[in-house]
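This report examines a strand arrangement and the aromatic side chains associated with it. The sequence and coordinates are shown below for reference.

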Amino acid sequence: RDRAGNVSEVAMDRAVVDTEPPVDCKISINNNAEYATDAEGNVQLQLFSRGANYMMVSNDPTFENAVWEPYQRNKNWKLAGDDGIKTVLVKYKDFAGNQSEPQVDDILFDRQPPYDGEIVMDKGHPTTNHPDKVVLAKVRAKDAVLMQVSNSEDFKGARWQAYSPLNFSWVLAGDDGLKQTFVRFQDKAG
């Protein structure tokens, strides 16, 4: 009211009191896959939080250089550094500024295929005289869990099978003459 006693109309405003941070916060990398194999380190993040309006994602637990961005359920992300176990973290925030605790997921970043692969026929003998062209083959590779063996370089019709460094019989294709046998390996990460 003023000095003359005039009283104004009632003025009003409302404020929402919100002291609760977002809840049910989660993160998963590549739908909880065990491995990430993209050569550039690209992965897909699945993110969830009830009550979040913003999120901050980082490869660094200190969130250094990370910025708040609008909340979204999926996000393309790039893993940092060399192969190995990688951690991605996310924090969620609501309009009132309440922040969740950091949520964490790990994935094994593996871009390297099996290595030191080789195949040896008949213990390294340069010829065979078996009438059915059967030879004794032995393969080996480091970090292999599957293998394909074929008489053709395109592996047409070859099936993936469990890797085994044990000797096995192999039938060479075609008529007499120089023959080639091909082998390739796959690791747990694919």
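## Strand pairing and aromatic contacts

Val 88 stands opposite Asp 105 in strand β8. The model under discussion is predicted. Strand β8 comprises residues 103–109 and is joined to β7 by 7 bridges, the two strands running antiparallel. Strand β7, spanning residues 84–93, is mostly covered, with 7 of its 10 residues buried. Strand β7 also pairs with strand β4 (residues 54–58), again in antiparallel fashion, through 5 bridges. Within this pairing, Met 56 has Lys 91 of β7 as its bridge partner.

Both Val 88 and Asp 105 recur in the surroundings of Ile 29, a residue of strand β1 (residues 23–29). With neighbours within four places in sequence left aside, Ile 29 is in contact with Val 43, Gln 44, Leu 45, Gln 46, Val 88, Asp 105, Asp 106 and Ile 107. Val 43 lies 14 residues away from Ile 29 along the chain, and the two C-alpha atoms are separated by 6.7 Å. The relative accessibility of Ile 29 is 0%, so this residue counts as buried.

Aromatic side chains provide a further set of contacts. A pair of aromatic rings is described by the distance of the centres and the angle of the planes. The whole structure contains 3 aromatic pairs, including the two tabulated here.

| Pair | Centre to centre | Angle between planes | Class |
|---|---|---|---|
| Tyr 54 and Phe 95 | 5.9 Å | 80° | edge-to-face |
| Tyr 71 and Tyr 92 | 5.9 Å | 70° | edge-to-face |

Because Tyr 54 belongs to strand β4 and Phe 95 to the loop between β7 and β8, their pair ties together parts that are 41 residues apart in sequence. Tyr 54 is partly exposed, at a relative accessible area of 29%, whereas Phe 95 has a relative accessibility of 65% and counts as exposed.

The pair of Tyr 71 and Tyr 92 ties together parts 21 residues apart in sequence, since Tyr 71 lies in the loop between β5 (69–70) and β6 (74–78) and Tyr 92 in strand β7. Tyr 71 counts as partly exposed at 22% relative accessibility; Tyr 92, at 0%, counts as buried.

Two lysine side chains are also placed over aromatic rings. Lys 91, the bridge partner of Met 56, lies over the face of Phe 63 at 4.6 Å from the ring centre. Lys 93 lies over the face of Tyr 54, at 5.6 Å from the ring centre; Tyr 54 thus takes part in this arrangement as well as in the edge-to-face pair with Phe 95.

How values were computed
Residues numbered from 1 in each chain as written. Heavy atoms only, no water. Helix = DSSP H or I, 4+ residues; strand = E, 2+ residues; numbered from the N terminus. Buried < 20%, exposed > 50% of the residue type's maximum accessible area, 1.4 Å probe, protein only. Contact = heavy atoms within 4.5 Å. Pairing = 2+ DSSP bridges. Phe/Tyr/Trp six-rings, centres within 6.5 Å; stacked < 30°, edge-to-face > 60°. Lys NZ or Arg CZ within 6 Å of the ring centre and 35° of its normal.
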